[in-house]
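Subject: Structure handover

Dear colleague,

Here is the structure I said I would pass on. My notes on what was found in it follow below.

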Amino acid sequence: MWKKRIAIDLGTTNVLVHVPKKGVVINEPSVVAVAEDEDKVMAVGNEAKDMIGRTPDTIVAERPLKDGVIASYQTTEAMLRYFINKALGTLRLFRPEVMVAVPAGITSTERRAVTDAAMAAGARAAYIIKEPIVSAIGS
């Protein structure tokens, strides 16, 4: 089958990425290091977490998710793009279908922001599923 599918659990502290038949392939902190003067993403995940407290004033390591909801759209999009590319590789013919787990109390506007961020990060289709349903399936 040519379709690529991945599942992403956007957590406030950690992001988990699951690929079918491989299992959880990425478990990294949800931290993004951004150069404020250039408005450029410098590092994501473990690399960005290692930069906390060790960077000049122009580079800020921030968490783009607050209470399980997107606080910074651009950094969340960059983080999703990084994790999709890391899970599937940068050389691929087809864009993946992405399923994103979100908290149960999320509003429709926040759902739309997650969907738009996943699509802008390189997903062909983005599906939203609530975390309690995911944990029930997992158990």
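I start with one residue pair: Asp9 has Leu16, in strand β2, opposite it. Please keep in mind throughout that this is a predicted model.

That pair belongs to the contact between β1 (residues 5-10) and β2 (residues 14-19), two antiparallel strands joined by four bridges. Both are part of an open sheet of five strands, ordered β3-β2-β1-β9-β10, in which the pairing is mixed. The edge positions are taken by β3 (23-29) and β10 (125-130); each has a single partner strand, so one side of each has no neighbour in the sheet. On average, and ignoring direction, neighbouring strands here are turned by 20° against each other.

Two helices pack on this sheet. Helix α3 (residues 108-120) touches β1, β9 (97-102) and β10, and its direction makes about 145° with that of β10. Helix α4 (residues 131-138) also touches β1, β9 and β10, but its direction makes about 80° with that of β10.

The other sheet I looked at is open as well, with three strands in the order β5-β4-β6 and antiparallel pairing. Its edges are β5 (40-44) and β6 (59-62), and because each has a single partner strand, one side of each is left without a neighbour in the sheet. Neighbouring strands in this sheet are turned by 25° against each other on average, direction again ignored. Four bridges connect β4 (residues 32-35) with β5, the two running antiparallel. Within that pairing, Val32 has Val44 of β5 as its bridge partner. Helix α2 packs on this sheet and touches β4, β5 and β6; the angle between its direction and that of β5 is about 50°.

Next, the charged pairs. There are five salt bridges in the structure. One of them is between the side chains of Glu28 and Lys86, at 2.2 Å from N to O. Glu28 sits in strand β3 and Lys86 in helix α2 (residues 73-88), so this pair ties together parts that lie 58 residues apart in sequence. The salt bridge therefore runs from an edge strand of the five-stranded sheet to the helix that packs on the three-stranded one.

Last, internal space. How many cavities of 30 Å³ or more does the structure hold? There is one, and the volume of the largest cavity is about 30 Å³. Its lining consists of Leu10, Leu65, Gly68, Ile70, Ala101, Val102, Pro103 and Val114. Sorted by class, seven of the lining residues are nonpolar, one is polar and none is charged. Among them, Leu10 falls within β1, while Ala101 and Val102 fall within β9 and Val114 within helix α3.

Best regards

Note on methods:
Residues numbered from 1 in each chain as written. Predicted model: local features only at pLDDT ≥ 70, side-chain atom pairs only at ≥ 80, totals over all residues. Heavy atoms only, no water. 1 Å grid on protein atoms, 1.4 Å probe; cavity = no way out; pocket = protein on both sides within 12 Å on 5 of 7 lines; lining within 4 Å. Points joined across faces, edges and corners; volume = space filled by probe spheres on them. Nonpolar A, V, L, I, M, F, W, Y, C, P; charged D, E, K, R; others polar. Pairing = 2+ DSSP bridges. Axes fitted to C-alpha atoms, helices over the stretch in contact; angles between N-to-C directions. Contact = heavy atoms within 4.5 Å. Salt bridge = Lys/Arg side-chain N within 4 Å of Asp/Glu carboxyl O.
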